[in-house]
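User: I would like to go through this structure by question and answer. Please start with a term we will need for the strands.

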Amino acid sequence: MSNRVVCREASHAGSWYTASDGVSLCHPGWSTVSLSQLTATSASQVQAILVPQPPKSGITGPQLNAQLEGWLSQVQSTKRPARAIIAPHAGYTYCGSCAAHAYKQVDPSITRRIFILGPSHHVPLSRCALSSVDIYRTPLYDLRIDQKIYGELWKTGMFERMSLQTDEDEHSIEMHLPYTAKAMESHKDEFTIIPVLVGALSESKEQEFGKLFSKYLADPSNLFVVSSDFCHWGQRFRYSYYDESQGEIYRSIEHLDKMGMSIIEQLDPVSFSNYLKKYHNTICGRHPIGVLLNAITELQKNGMNMSFSFLNYAQSSQCRNWQDSSVSYAAGALTVH
């Protein structure tokens, strides 16, 4: 049996966030559109310019580190220690400052395992999938996957295995790795990660996975990171809900998002599902959020007292006409009382 360590490279470094050499390019659409969705010409140009290299020993991504420190320094830790956070996964140019509000609530002194639940953007998936690698690389330092927990999850028969290609194409988990590394840097040799790619789950499957993950959520040494952007509005997203009573389009989008955020704060998975059915809000991490809400419901049955608060909301731009488009971001934290 091979003991070869398999690594997932930081495949979005240098495009969605600063690479170890300080290169950072962002296209406005990169918060939501993959290279495969760009024109062949622009995609080849981007790939020719930016072929992310694995971080070399001794290089700690000083520019990325400074960016993360800058965003985190502007935020208060009012909900610490968080047991779970919801944070966005767009390019850091757009959502880096928003995400800081969630990561500031992480307490590295007690956190030993970090579950990262991200939605699948590129492959059809009706269940959840686990990575096939051992190490996730970041420009700051490498993060180690917890193979013991992976073994426990794999034994349930509820998970698929994602290929390395799928893993490196997907950004919803990777965009949380630099922030995770930064938040945990004071204890960087003392924690592991458990990345989980979440498919388009039915409500019953969200309940099943919620029940499975609830025992891990109950452990104070575990942290759950739920990866999600909020409303994707505009013609390119085929979503243009507008409530004219709210005034400008961007105000209508904010009202719609905050309706959903309020329901999440109520910790009610059924109400959240009903909200999505009614408004079809394009919240890309709706299934990871559904899994978290169902895990919380399971723990509440056993008398555990928790509360969730959103701490920041932002939009990539303010939509004022039908030709505009935007993506919304929200950051929040779950605390146990």
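Analyst: Two strands pair if DSSP finds at least two bridges between them. The model discussed here is predicted.

User: In which sense do strand 4 and strand 8 pair, parallel or antiparallel?

Analyst: Strand 4 covers residues 128-130, and three bridges join it to strand 8. One of the pairs is Cys128 with its bridge partner Val198 in strand 8. The sense of the pairing is antiparallel.

User: Over how many bridges do strand 3 and strand 8 pair?

Analyst: Strand 3, residues 113-119, runs parallel to strand 8. Leu117 stands opposite Val196 of strand 8. The number of bridges between strand 3 and strand 8 is seven.

User: Is strand 8 largely enclosed or left open by the rest of the structure?

Analyst: In a regular strand, side chains alternate between the two faces of the sheet. Thr192, Ile194, Val196 and Val198 point one way from strand 8, Ile193, Pro195 and Leu197 point the other way, and all are buried. Seven of the seven residues of strand 8 are buried, so strand 8 is largely enclosed.

User: Which strands stand at the edges of the open three-stranded sheet?

Analyst: The order in this open sheet is 1-5-6, with mixed pairing. Strand 1 and strand 6 each have a single partner strand, so one side of each is left without a neighbour in the sheet. Strand 5 pairs with strand 6 in the antiparallel sense over two bridges, and Tyr136 has Leu143 in strand 6 as its bridge partner. The strands at the edges are strand 1 and strand 6.

User: How many residues apart are Arg137 and Glu9, which form a salt bridge?

Analyst: The closest N and O atoms of Arg137 and Glu9 are 3.0 Å apart. Arg137 sits in the loop between strand 5 and strand 6, while Glu9 sits in the loop between strand 1 and helix 1. Along the chain, the two residues of this pair are separated by 128 residues.

User: Which helices does the salt bridge between Lys277 and Glu203 link?

Analyst: The closest N and O atoms of Lys277 and Glu203 are 2.7 Å apart. The pair links distant parts of the chain, 74 residues apart. Lys277 is partly exposed at 49% relative accessibility, and Glu203 is partly exposed at 37%. Lys277 belongs to helix 9 and Glu203 to helix 7.

User: What is the relative accessible area of Glu248, the salt-bridge partner of Arg320?

Analyst: Arg320 and Glu248 have their closest N and O atoms 3.2 Å apart. Arg320 lies in the loop between strand 11 and strand 12 and Glu248 in the loop between strand 10 and helix 8, so the salt bridge ties together parts 72 residues apart in sequence. Arg320 is partly exposed at 45%. Glu248 is also partly exposed, and its relative accessible area is 34%.

User: How many salt bridges does a search of the whole structure find?

Analyst: Side chains of opposite charge can pair when their charged atoms come close. Some salt bridges share partners, and these join one network of Arg8, Asp167 and Glu174. The search of the whole structure gives a count of 15.

User: What arc do the buried residues of helix 9 cover around the axis?

Analyst: The buried residues in helix 9 are Pro269, Phe272, Ser273, Tyr275, Leu276 and Tyr279. Residues three or four places apart in an α-helix point the same way, because there are 3.6 residues a turn. What covers the buried residues of helix 9 includes helix 7, helix 8 and helix 10. These buried residues lie on the same side of helix 9, covering an arc of only 160°.

User: Which backbone nitrogen does a side-chain oxygen of Asp268 reach at the start of helix 9?

Analyst: The approach is to within 3.1 Å. After helix 9 comes His280, with a positive phi near 55°. At the start of helix 9, the backbone nitrogen reached by Asp268 is that of Val270.

User: With which residues is Thr297 in contact, leaving aside neighbours within four places in sequence?

Analyst: Thr297 is found in helix 10 and is partly exposed at 23% relative accessibility. Beyond neighbours within four places in sequence, the contacts of Thr297 are Leu267 and Pro269.

How values were computed: Residues are numbered from 1 along each chain as its sequence is written. This is a predicted model: local features need pLDDT of at least 70, side-chain atom pairs count only at pLDDT 80 or more; totals for chains, interfaces and linings use all residues. Side-chain values use heavy atoms; hydrogens and water are left out. A salt bridge is a side-chain nitrogen of Lys or Arg within 4 Å of a carboxyl oxygen of Asp or Glu. Helices (H or I, at least four residues) and strands (E, at least two) are DSSP runs, numbered from the N terminus. Buried means under 20% relative accessible area, exposed over 50%, partly exposed in between (1.4 Å probe, protein chains only). Contact means heavy atoms within 4.5 Å. The arc is that of the directions from the helix axis to the C-beta atoms. A polar contact is a pair of N or O atoms within 3.5 Å; within protein, one must be able to donate a hydrogen and the other to accept it, and residues adjacent in sequence count only if both atoms are side-chain atoms.
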